[in-house]
Each structure stands twice: as C-alpha cells, then as structure tokens.
Amino acid sequence: MFSNKRNFRVVLSLLTFNLCCMNLLQRIEHWGDAHHPKWLDIARMALGVFLIFKGVEFLENISLILGRISDHMSFGSFTLWLVGHYIVFAHILGGFLLAIGVLTRFACLIQIPILLGAVFFINAPQGWWQPFSELTLSVLVLLALIYFMIIGNGPWSLDWFTKEEKKNS
C-alpha cells in the first residue's frame with residue numbers, strides 16, 4: 001500500500017493531526033455547552049432578529065447595496081446580483097435560525113463572510129469616527145457571530161429543546 005516509510009509517516013501524521021483537531025473541536029463544543037448562561041440566549045435571539053431586520057432593509061434597498069458593493073469591488077452584473085441576493089438571503093435565513101436556535105453554527109458561518117466584507121471593504125474606508133459610521137456595529141456583530149459559532153446554542157433554543165425531548169422519551 002505504501003511505497004516507503006516516508007509516505008506512511010506522512011499519512012500517519014495527517015491522521016494524527018485530524019484526530020487532534022476533531023478532539024479540540026469536540027472539547028470546545030463541550031465547553032460551550034457547559035458554560036452557557038441563559039442571558040446569552042437572549043443576546044443570540046436579539047442578534048437573529050437584528051439580522052432579519054437588516055436582511056429586510058437590504059431587500060428594500062437592494063439597488064443601493066449593489067451600488068455600494070460595485071463601488072468597492074469589480075464584479076460583473078450577474079455576480080453582483082448574486083452577491084446582493086446572497087447577502088439578503090443569508091441575513092434573513094441566518095437571522096431566523098439564530099433567533100430560534102437551530103443550526104446556530106451554520107447560521108453564523110454563512111454570516112461571517114458578509115460581515116468580513118462589510119468591515120473591511122464597505123465600512124472601513126469611512127473610518128471609526130465619521131458620523132453615522134456603521135463600522136462599530138459591523139465589528140460588534142462580527143464578534144458576536146464568531147462567539148456564537150464557537151459556543152453554539154444554549155438552553156433556550158429549539159435544538160436544546162428537541163435534544164431534551166429525545167432524552168426523556
């Protein structure tokens with residue numbers, strides 16, 4: 001199977017690295033489940049409702065959003081249309097999933113690229129101290145999404161409720 005010992009060592013080291021990373025992810029998930037105060041669930045729900053609100057706001061002003069994106073990035077018209085609609089769809093779907101507490105890590109994962117783009121390409125050129133700058137808000141939402149991607153759901157979520165129902169039955 002392996003032509004020499006070097007190939008075997010490479011495969012063995014990759015498998016060890018994979019097991020180590022999976023073990024680390026499981027420990028982080030367990031820590032997040034064990035150390036999750038209930039007030040964080042209220043913050044997660046509020047973040048979800050806020051993202052739904054921003055998605056609807058973007059949908060109402062899609063031409064302005066597409067204009068701001070095209071000012072900072074050179075996309076073709078179809079790609080620009082696709083990016084704009086991805087932003088709206090991800091905000092509404094991800095916000096709904098965050099608000100009810102289902103697939104929280106997935107919801108955060110689809111939001112993080114959008115917020116990275118908002119922080120570095122859209123809001124950063126305006127600066128921190130400009131009037132009505134949304135850079136601070138974008139950074140706070142990005143940090144909250146990263147946090148909830150690490151710790152996941154809490155006890156006030158639909159996932160937690162269905163998991164408890166399965167244990168009791």
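The legends below accompany close-up views of a predicted model of the protein.

**View 1. The overall fold of the predicted model is built from helices.** The protein contains seven helices and zero strands, and its elements, read along the sequence, follow the pattern α-α-α-α-α-α-α. Buried residues make up 32% of the 169 residues in the protein. Among contacts with a separation of 6 or more, 71% are accounted for by residues 24 or more positions apart.

**View 2. Confidence in the model varies between helices α1 and α2.** The protein averages a pLDDT of 80, and 75% of the residues score at least 70. Among the elements of the protein, helix α1, which covers residues 5-34, has the lowest mean pLDDT, at 61, whereas helix α2, which covers residues 38-60, has the highest, at 92.

**View 3. Ala 46 in helix α2.** With a relative accessible area of 45%, Ala 46 is classed as partly exposed, because that value falls between the 20% limit for buried residues and the 50% limit for exposed ones. Although Ala 46 and Leu 98 are 52 residues apart along the chain, their C-alpha atoms are separated by 8.7 Å. Ala 46 belongs to α2, while Leu 98 falls within the residue range of α4, 77-100.

**View 4. The largest pocket and the residues that line it.** The volume of the largest pocket is about 640 Å³. Its lining comprises 28 residues, of which Phe 58, Ile 65, Ile 87, Ala 118 and Ile 122 are the closest to the centre of the pocket. Helices α2, α3 (62-72), α4 (77-100), α5 (104-123) and α6 each supply at least two residues of the lining, and the greatest contribution comes from α5, with eight residues. By residue type, the lining of the largest pocket divides into 19 nonpolar, five polar and four charged residues.

**View 5. Helix α6 and the glycine that follows it.** Helix α6 runs through residues 135-151 and has 17 residues; the distance from its first C-alpha to its last is 24 Å, close to the 24 Å expected at 1.5 Å a residue. The buried residues of α6 are Leu 135, Ser 138, Val 139, Val 141, Leu 142, Leu 145, Phe 148 and Ile 151. An α-helix has 3.6 residues a turn, so residues three or four places apart point the same way. After α6 comes Gly 152, whose phi is positive, near 75°. Helix α6 also supplies at least two residues of the lining of the largest pocket shown in View 4.

Note on methods:
Residues numbered from 1 in each chain as written. Predicted model: local features only at pLDDT ≥ 70, side-chain atom pairs only at ≥ 80, totals over all residues. Heavy atoms only, no water. pLDDT = per-residue confidence, 0-100. Expected span 1.5 Å × (residues − 1). Buried < 20%, exposed > 50% of the residue type's maximum accessible area, 1.4 Å probe, protein only. 1 Å grid on protein atoms, 1.4 Å probe; cavity = no way out; pocket = protein on both sides within 12 Å on 5 of 7 lines; lining within 4 Å. Points joined across faces, edges and corners; volume = space filled by probe spheres on them. Nonpolar A, V, L, I, M, F, W, Y, C, P; charged D, E, K, R; others polar. Contact = heavy atoms within 4.5 Å.
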